[in-house]
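Student: I am new to this structure. Please take me through one part of it closely, and then through what lies around it.

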Amino acid sequence: MRRVLVCLAICVTALVSAAPSFKVKVTGHGKPMILIPGLSCGGDVWDAVVNHYKDKYECHVLSLPGFVGTPGYTGGPFLPKIRDEVIQYVKDQKLDHPVLMGHSLGSTLSLWIASTAPDLFGPVVAVDGLPWTGGLFADNNMPKARQMADAYTKALGKLSQADYAKQTAMFLDRMITDPKVAAKYNKESALSNPKAVGQAMSELLTTDLRPDVEKIQSPVLVLAAAQFAVNLESQNQLLGTYESQVARIPHHSVVLALKARHFIFLDSPEFFFQSVDKFLSLP
């Protein structure tokens, strides 16, 4: 009897430990779609996207631990943990080749997830995110990217919540065209745990997935924010930068969002939905 109780206790412990650190909100019906937000954003950043797809897709919207007040951040590795938990979530929920859609950090996670378990996933939509974010800021120099990551983590670790709120507002104001929309997400992002954001950003800068994305079997659509690319030369340069990072993905396309900043689905929704609908072959 004692042995049975011990086994039951072990099983219960395993079930508890297997629960993902992220929150999930499921809306709609149809084929499964997983949506992963970007750095310091919550799942509700996808509300308009969910509203567009909820009649054709069962939308599983993630809110990552430590972002916008979401509990579950306990320190340690961030991106690899979420990667593994999403894969396990798909297995546990028996989701049939879900679409992966990510924004920024969520794009990198989506590419990592799809290259780690290529048999499990369907099409991937990467919204202004790449296999190696650090490559954009550090001239493809990993030591430089590591220095940037260390500096970023240390700086965030010293910030009070109020100071963090001011800093994140400055970033988001430059990433969203409409000031009213930016103000909404500034208010939410201000609730994020600076240490969680620092850890996630540090890993984002130093994680280079370019050698791994060739394992992705699904088609990949990369949407690149290009409002700042004001002429053909700068547009071609931007397109080349993105193409150089995703070149190893067997089936991919890169499309420039010429009227959008970083949050493409907020800045240019008509373009976003036309592009994604076409990619998903929706009428």
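Where does serine 104 lie, and in the loop between which elements?

Tutor: A word first: this is a predicted model. Serine 104 lies in the loop between strand E4 and helix H4. E4 covers residues 99-103, and H4 covers 105-116. Now look at the backbone. Most residues other than glycine have a negative phi. Serine 104 has a positive phi, near 55°, and is not a glycine. Next, its surroundings. Serine 104 counts as buried because its relative accessibility is 15%, and buried means under 20%.

Serine 104 also leads us to a pocket. Ser104 is among the residues nearest the centre of the largest pocket, together with Asp128, Phe137, Met175 and His262. That pocket has a volume of about 990 Å³. Its lining counts 35 residues. They divide into 19 nonpolar, 13 polar and 3 charged. Four elements give two or more residues to this lining: helix H5 (133-137), helix H7 (161-175), H9 and helix H10 (232-246). H7 gives the most, with 7 residues.

Let us follow H9, one of those elements. H9 spans residues 194-206, and its axis comes within 9 Å of the axis of helix H6, residues 142-157. The two axes cross at roughly 180°. That makes H6 roughly antiparallel to H9. By class, their contact has 10 nonpolar, 4 polar and 1 charged residues. On the H6 side, Met142, Ala145, Arg146, Met148, Ala149, Tyr152, Thr153 and Leu156 take part. On the H9 side, they meet Pro194, Val197, Gly198, Met201, Ser202, Leu205 and Thr206. An α-helix has 3.6 residues a turn, so residues three or four places apart point the same way. Glutamine 147 is also found in H6. Glutamine 147 is exposed, with a relative accessible area of 58%. Its C-alpha atom is 9.7 Å from that of leucine 205, and the two residues are 58 apart along the chain.

H7 brings us to another helix. Alanine 182 is found in helix H8, residues 179-189. Alanine 182 is buried, at a relative accessible area of 1%. Not counting residues up to four places away in sequence, alanine 182 touches Leu172, Asp173 and Ile176. The C-alpha atoms of alanine 182 and leucine 172 are separated by 6.2 Å, although the residues are 10 apart along the chain.

Now return to E4. Strand E4 is among the elements that cover the buried residues of helix H12. The others named in this cover include H2, strand E5 (124-127), strand E6 (220-225), strand E7 (252-257) and H11. The buried residues of H12 are Phe272, Phe273, Ser275, Val276, Asp277 and Phe279. Just before H12 comes serine 268, in the loop between helix H11 (264-267) and helix H12 (269-279). Serine 268 is buried, with a relative accessible area of 12%. Leaving aside its neighbours within four places in sequence, serine 268 is in contact with Lys259 and Ala260. H12 is followed by serine 281, whose phi is positive, near 60°.

Valine 68 offers a further positive phi in a residue other than glycine, near 45°. Valine 68 sits in the loop between E3 and helix H3 (79-93).

E3 and H2 take us to the second largest pocket. Strand E1 (23-28), helix H2 (47-53) and strand E3 (57-63) each give two or more residues to its lining. E1 supplies the largest share, 4 residues. The volume of this pocket is about 220 Å³. Its lining includes Lys23, Val24, Lys25, Asp44, Asp47 and Ser63. By class, that lining has 3 nonpolar, 4 polar and 4 charged residues.

One last space remains. The structure holds 1 cavity of 30 Å³ or more. The largest cavity has a volume of about 50 Å³. Among the residues that line this cavity are Ser21, Pro65, Tyr73, Phe78 and Lys81. Its lining residues divide into 5 nonpolar, 4 polar and 1 charged.

Back to the start, then: serine 104 is a buried residue in the loop between E4 and H4, and Ser104 is one of those nearest the centre of the largest pocket.

Methods. Residues numbered from 1 in each chain as written. Predicted model: local features only at pLDDT ≥ 70, side-chain atom pairs only at ≥ 80, totals over all residues. Heavy atoms only, no water. Axes fitted to C-alpha atoms, helices over the stretch in contact; angles between N-to-C directions. Parallel < 35°, antiparallel > 145°, perpendicular 65-115°, else oblique. Contact = heavy atoms within 4.5 Å. Nonpolar A, V, L, I, M, F, W, Y, C, P; charged D, E, K, R; others polar. 1 Å grid on protein atoms, 1.4 Å probe; cavity = no way out; pocket = protein on both sides within 12 Å on 5 of 7 lines; lining within 4 Å. Points joined across faces, edges and corners; volume = space filled by probe spheres on them. Buried < 20%, exposed > 50% of the residue type's maximum accessible area, 1.4 Å probe, protein only.
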